Every structure is written in structure tokens, then in C-alpha cells.
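Colleague: I should like to learn how the empty spaces and the ligand site of a model are to be read. Please take me through them in turn.

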Amino acid sequence: MDLTVRPRRLRSSEALRKMVRETRMDAASLIYPMFVMDGENKVEEIDSLPGQFRYTVDRMDEEIERLLAAGVQNVMLFGIPEIKDEVGSQAYAEDGVVQRALRRTAEKYPEMYLITDVCMCEYTSHGHCGVLCGHDVDNDKTLDLLAKTALSHVQAGAQMVAPSDMMDGRIAAIRECLDANGYTNIPIMSYAVKFASAFYGPFREAAGSAPSFGDRKSYQMDFHNRREALKEAMLDVEEGADIIMVKPAMSYLDLVREVHDMTDLPIATYSVSGEYAMVKAAAANGWIDEDRIVSEMATAAFRAGADIYITYYAKEIAKYMKDGIIG
Ligand code: PBG
């Protein structure tokens, strides 16, 4: 055969395949989402997320130590309060569950980088991501509470805040509040492109944050839309976001690429609870090879343009990188 160009030439050995690899990854890019709950001396496995747990603040250390041992140095905290009310007051309480978790971890594990999810839905009795006016979430009233929540996290030791509520103008509101209090150097990772997605189902069970009526479609994005995603990303860039997130990950990698190409900010993508649960369920049935599936999902996110990957599989992926399965 008269073939001059033979792509297979560069695939002929493991050494060569690794030499010409286009996507390089590092455990420093991984963030692990972790659930902390009120109470004492409890670790509960989450039914909808086998292998994931809720920890009371006094039992967090065991997970933080496992993460550090695996080479994962970034954690994003989600709080599950005992008491919920109409205005989500535990979200910004000085002795709230996330605030206590931050103080403890910042003091005991200074090498762990602490990020917090900033939202109201885990703290409101109605499960919506803001305060209500009738059956609607009141955007502008919610902004004050989000800013207050972000500030209280930073005062307790958060090194980065990640608002996930999808209210309009929240990045500007949080930036202004942090700056006014002297925290000009705390970055904001915006869940800028966040879709109203069935992929969050297992998380809502984990956090007890399903809305008690209606859904989140009046604030989270319609998954049919692409140009609107670029608009959301641009707005948050203008408002002062430092990192832009696209969420979920697996079914939205087209937008990871587009947002990456459009901005010069680092891009994060969140492989959400539904992605994890699907892989776990299929693996438990022996239908797929879990390690290889997770490796491919992570690599695809980075190949699409993500700089940061938020995943319940962070420890495992760090190991795949160390073992050279991916990297
Ligand atoms: C809070 C929040 C959610 C997730 C991250 N932050 C739930 C939601 O928006 O309903 C989902 C994370 C996951 O599914 O793993 N607003």
C-alpha cells in the first residue's frame, strides 16, 4: 500500500503514546465535594451516592486525611443544617455547620484548600435557592443573604467561595461585600453556567434540599440553550468572577469548550451526583469497568478545556494519575 501518512505509527507503543498525549492532568486540578452535617460523632453513608458520606464536624478529619494522603488538596464544603427556616438563617450563622467545619479544618489542616458552596437551598425550609415572595424566588432580596453567607464563610476560613444559586447579579454583590470587608484577595468561582438538571437528583437526597414545591427552572438554565450559556458566562466575567464553572460536566462538555474559548479565565466543570450515581450503579452490576469509565470521563473534561474538575471520584482519579492510567 502506498500510504505516506499512517496515524497508527504514533500509537505503536505505550512510551510513544504517552509522549504524544495531548491532555496532561494533575491532581492539583481536582476538587472534592464534601458534606458536613450538624450533630455529633456521626458518619452516614448517602443512599443515593454509595461510597459518599455525610460527616459531623467532629468526624471530618478522617476524610480530610484520606484526601491529603491521596494527593487531593482542594475540598468544597456543603452544609446540612439541623434547623431550616424560611430565610435560611443557618447559611450565614456564625456557628453554622459550614462555618464550624471551616474553623476546624483551617486550623488543623492548613495544607487543605477550602472552598465553600454558597447557596440557600440546603438551609431553607422550602428548599429553594433564595427567599420567597409568594411562590417566586425574590432575586434582589436573596443577593444580600448570599453576600452575607459568603462573607461568613470567608471569616471562618474559606479561601474561595463558589455561589451556586443562579440569582442575577450575585457575583457583583458578593464581590462588593467581600471587598468592603477587606477580602479583596478571596477568589469567586462562579457556577455561571448551571443548568436545571435531573443529574442533581442524588445530591438533593444527600443534602435534603429538594424544593418542597415547583422546580428550579425559573433560575437555573434551560438545557436546550447554548448562547444563553455564553451570556451567563460573560456576565459573571464582567461582574468579577475569577473562575467560571459549567455544570453538570459530562453532558455539557460542548459548553466547557465554548466558554473556555470565549474567556481567558480558568474553567471548572462539576461532574455531579447523577454522573457518579450512574457509574456506581452500572459498576455494581458488573456492566462497566468503573476505573476506566471514570478515567475517560475525567480526561474528556480536561480535553474539552476544563482546568479544574470537581468530582466525587477525586481520590480515585488522583490514584489513576499517580499510577499512570491517565495523566
Ligand atoms: C446547590 C447545589 C446543588 C448542587 C451543587 N450545589 C443542587 C442543586 O442545584 O439542586 C448539585 C451537585 C451535585 O448534583 O452533585 N444549589
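Modeller: What follows treats cavities, the ligand, pockets and two backbone features. This is a predicted model, in which local features need pLDDT of at least 70, side-chain atom pairs count only at pLDDT 80 or more, and totals for chains, interfaces and linings use all residues. Residues are numbered from 1 along each chain as its sequence is written, and side-chain values use heavy atoms, with hydrogens and water left out.

Colleague: How many cavities of 30 Å³ or more are there?

Modeller: Rolling a probe the size of a water molecule over the atoms shows where empty space is left. On a 1 Å grid over the protein atoms alone, a cavity is a set of points where a 1.4 Å probe fits but cannot get out, while a pocket is an open set with protein on both sides within 12 Å along at least five of seven lines; lining residues have an atom within 4 Å of a point. Points are joined across faces, edges and corners, and the volume is the space filled by probe spheres set on them. Here the count comes to one cavity of 30 Å³ or more, and the largest cavity holds about 160 Å³ of space.

Colleague: Which residues line the largest cavity?

Modeller: There are 20 lining residues, and Phe78, Lys194, Tyr200, Phe203 and Lys247 lie nearest the centre. Elements are DSSP runs numbered from the N terminus: helices (H or I, at least four residues) and strands (E, at least two). Strand β9 (189–194) and helix α6 (201–207) each supply at least two residues of this lining. By class, the lining has ten nonpolar, four polar and six charged residues; Ala, Val, Leu, Ile, Met, Phe, Trp, Tyr, Cys and Pro count as nonpolar, Asp, Glu, Lys and Arg as charged, and the others, Gly among them, as polar.

Colleague: Where does the ligand sit?

Modeller: A molecule sits in a cavity or pocket if more than half of its atoms lie within 2 Å of the grid points. By that test the ligand sits in the largest cavity. Both β9 and α6 give two or more residues to the shell around the ligand. Of the 19 residues around the ligand (a heavy atom within 4 Å), Lys194, Arg204, Lys247, Ser273 and Tyr312 come nearest.

Colleague: Which polar side-chain atoms approach the ligand oxygen atoms?

Modeller: A polar contact with the ligand is a pair of N or O atoms within 3.5 Å. Side-chain N or O atoms lie 2.6 Å from a ligand oxygen for Arg204, 2.7 Å for Lys194 and 2.9 Å for Gln220. The protein covers 100% of the 400 Å² of accessible area that the ligand has on its own (Shrake-Rupley method, 1.4 Å probe).

Colleague: What are the volumes of the two largest pockets?

Modeller: The largest pocket has about 280 Å³, and the second largest about 200 Å³. Residues lining the largest pocket include Arg21, Met25, Arg292, Glu296 and Ile325, and this lining has four nonpolar, four polar and four charged residues. The second largest pocket is lined by 14 residues, with Asn139, Met166, Asp168, Ser218 and Tyr219 nearest the centre.

Colleague: Which peptide bond is cis, and which residue has a positive phi although it is not a glycine?

Modeller: The bond from Lys247 to Pro248 is cis, with omega near -5°; Pro248 is in the loop between β10 (243–247) and α8 (253–262). Asn41 has a positive phi of about 50° and is found in the loop between β1 (30–37) and β2 (43–46).

Methods: Polar contact = N/O pair within 3.5 Å; in protein donor to acceptor, adjacent residues only side chain to side chain.
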